[in-house]
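New to this one? Here's a quick briefing to read alongside the sequence and the 3D view.

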Amino acid sequence: MRAAQFSRGREFIFAIDHGEDFFTSLEKLCAEHGIRAGYIPTFIGGFSSAKLVGTCGPLEHPEAPLWDHVEVKTLEVLGGGTLAWDTDRDCLAPHIHVSAGLKADSADGRTSHLLAAQVQFIAELVIVEVTDPALTRPRQPNLFDVPLLTFGQQPQRPR
């Protein structure tokens, strides 16, 4: 387990409009306001389409991360996540998860890591900036190359 006390910076209310790409809009807002770390306590909205981590088949290696995805259409979503800096790629590294109801399937649900999404009607987010410590997300070669959140330091290697 790892933990760090943090200092809050600015807070934003943010609306992504119909037809916009969720991650492109999020990255643009963060770039325009110099946000390199933070969290999204919650967001709500609709997606016309989304890519979620998942598979329709058996897991080949249940202990390894799943890099496959499924594509879903016409969703109502509730989500949240963290924003950290990818020091290897020198860019924002959002980590967003959603619970989504598929409107065409009696609101049948999906919950997973969000890879991509197109907004339908609107997505409304609250973003809270973290000013200290620096949040980074370096990849861990000895842990399937998973990018792990770190707090102003290099992460301890899993044993």
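**The largest pocket**

About 690 Å³ of space lies in the largest pocket. Its lining is made up of 25 residues, and those closest to the pocket's centre are Trp-67, Pro-94, His-95, His-113 and Pro-147. Keep in mind that you're looking at a predicted model.

**Who builds the lining**

- Four elements each chip in at least two residues to the lining of the largest pocket: helix H1 (22-33), strand E4 (91-102), strand E5 (108-132) and strand E8 (146-147).
- E4 gives the most to that lining, with 7 residues.

**What the lining is made of**

- Sort the lining residues of the largest pocket by type and you get 16 nonpolar, 4 polar and 5 charged.

**Cysteines and disulfides**

- A disulfide is a covalent bond between the sulfur atoms of two cysteines.
- How many disulfides does the count come to? It comes to 0.
- Why no bond for Cys-30? The closest cysteine sulfur to its own is in Cys-91, and that one is 12 Å away, too far for a bond; the cut-off for a disulfide is within 2.5 Å.
- Looking from the other end, the closest cysteine sulfur to that of Cys-91 is in Cys-30, again 12 Å off, so Cys-91 is too far away for a bond as well.
- The two also have their own surroundings: Cys-30 is buried, with a relative accessible area of 1%, while Cys-91 is partly exposed, at 30%.

Notes: Residues are numbered from 1 along each chain as its sequence is written. This is a predicted model: local features need pLDDT of at least 70, side-chain atom pairs count only at pLDDT 80 or more; totals for chains, interfaces and linings use all residues. Side-chain values use heavy atoms; hydrogens and water are left out. On a 1 Å grid over the protein atoms alone, a cavity is a set of points where a 1.4 Å probe fits but cannot get out, and a pocket is an open set with protein on both sides within 12 Å along at least five of seven lines; lining residues have an atom within 4 Å of a point. Grid points are joined across faces, edges and corners, and a volume is the space filled by probe spheres set on the points. Ala, Val, Leu, Ile, Met, Phe, Trp, Tyr, Cys and Pro count as nonpolar, Asp, Glu, Lys and Arg as charged, and the others, Gly among them, as polar. Buried means under 20% relative accessible area, exposed over 50%, partly exposed in between (1.4 Å probe, protein chains only).
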